[in-house]
Amino acid sequence: MNVIVLANILIVLTISFGAIFILITAIGLIRLPDVYTRAHAASKSATLGVMSILIGVFLHFWLIEDHFNPRILLGILFLFITGPVGGHVMSRAAYFSGVKTWKGTVKDELKPEYERKVKETSLKIKE
Amino acid sequence: MAFQIMLNFFIAFIWMFLSSSFSSSSFVIGFMLGMLMIYIMRNFFPGRLYISRVWALVKLTMLFMKELMLANIQVFMVIIKPKLDMRPAIFAMQTELEHDWEITLLSSLITLTPGTIVVHVSDDSKTLYIHAIDIDDVESAVDSIKNSFEKAIMEVSRS
């Protein structure tokens, strides 16, 4: 009995933790000013949020329903591998198609490299 | 390193045949004995013991988990702050890592750690261009984090 109560507490904690972080991601996507800062919110909090929800689901089926499901663990692993790559690729694509950074940005060391690349490949930039 | 792991498996199977019990527990015992033998014979192998490399990998995973939690708390703080007064910046960072997989691993780790996202990797893969969400407290702290990650990855990859 006690073990079940403890397991339930753990499950509720992990799932609500994940839900809170997904909420944070959503608020961040609305509040933050430009695509790069939004990528911060999307790539970090969403990964951790979905991950802890999956851990909660895994624990529920393992401890309460007595069914060990390794596919959920594989899902967590794949999320880990693909989450940061998605954030990186989207922010890079945004930068190289000429999306401006927010006006509060203090330093931009990618600019020379970007201009050199544009000259090299004669990419069209939108002004 | 792969050779040492193969050798360890081989010893484990020999142990199973010697004791003529083909169960997973005797495999585990054989594997432990093989690990001990390889440790005693460590001077005969070129390169490092694979056990220390596995240990370095475990340490890297632990470091990564810690940084992931810190990153989320930091993003949380930035988002719920009533005034948007963070100062984002893109800065360049030199890396000493050589193999492609090391650089991929490093940039994934950087992307999931506090306040930083890799925007671009230069063509010769010597420089990473990183977007930081708040340059004030990050730039000095970031260097130490990068050094710790880079060092941990080197610890895994050096032969």
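**View 1. Ser45(A) is buried, with a relative accessible area of 0%.** This close-up, like the others here, comes from a predicted model. Ser45(A) sits in helix α2 of chain A. Who does Ser45(A) touch, once residues up to four places away in sequence are not counted? From its own chain there are Phe21(A), Ile24(A), Thr25(A) and His40(A). From the other chain, Asn72(B) and Val75(B) join in.

**View 2. Lys44(A) is buried, yet has no salt bridge.** Here we stay in helix α2 of chain A, which is where Lys44(A) lies. How far away is Glu67(B), the nearest side chain of opposite charge? Glu67(B) is 10 Å from Lys44(A). A salt bridge needs a side-chain nitrogen of Lys or Arg within 4 Å of a carboxyl oxygen of Asp or Glu, so that pair doesn't make the cut.

**View 3. The side chain of Lys44(A) does find a backbone oxygen in chain B.** That oxygen belongs to Thr116(B), and the reach is 3.2 Å. Now look at the company around Lys44(A), leaving aside its neighbours within four places in sequence. One stretch of contacts runs through Thr111(B), Leu112(B), Thr113(B), Pro114(B), Gly115(B), Thr116(B) and Ile117(B). Ala71(B), Asn72(B) and Val75(B) are in contact with Lys44(A) too.

**View 4. Chain A meets chain B through 38 residues on the A side and 41 on the B side.** Putting the two together buries about 3400 Å², and carbon and sulfur atoms give 70% of that area. How many salt bridges does the rule find across this interface? The count is 0. For polar contact, the tally is 6 residue pairs, with both partners at pLDDT 80 or more. On chain A's side, at least two residues each come from α1 (2–31), α2 (35–64), α3 (70–96), β1 (107–108) and α4 (111–121). The largest share, 10 residues, is supplied by α2(A). Sort the A side by class and you get 18 nonpolar, 11 polar and 9 charged residues.

**View 5. Thr101(A) is found in a loop of chain A, between α3 and β1.** Is Thr101(A) buried, partly exposed or exposed? Thr101(A) counts as partly exposed because its relative accessibility is 23%. To get your bearings, pick out Met90(A) as well: from C-alpha to C-alpha, Thr101(A) and Met90(A) are 14 Å apart in space. Along the sequence, 11 residues separate the two.

Conventions:
Residues are numbered from 1 along each chain as its sequence is written. Chains are lettered from A and ligands numbered from 1 in the order in which they are written. Side-chain values use heavy atoms; hydrogens and water are left out. Contact means heavy atoms within 4.5 Å. Buried area is the accessible area (1.4 Å probe) that two parts lose on being put together, summed over both. A polar contact is a pair of N or O atoms within 3.5 Å; within protein, one must be able to donate a hydrogen and the other to accept it, and residues adjacent in sequence count only if both atoms are side-chain atoms. Helices (H or I, at least four residues) and strands (E, at least two) are DSSP runs, numbered from the N terminus. Ala, Val, Leu, Ile, Met, Phe, Trp, Tyr, Cys and Pro count as nonpolar, Asp, Glu, Lys and Arg as charged, and the others, Gly among them, as polar. Buried means under 20% relative accessible area, exposed over 50%, partly exposed in between (1.4 Å probe, protein chains only). Lys and Arg count as positive and Asp and Glu as negative; His and the chain ends are not counted.
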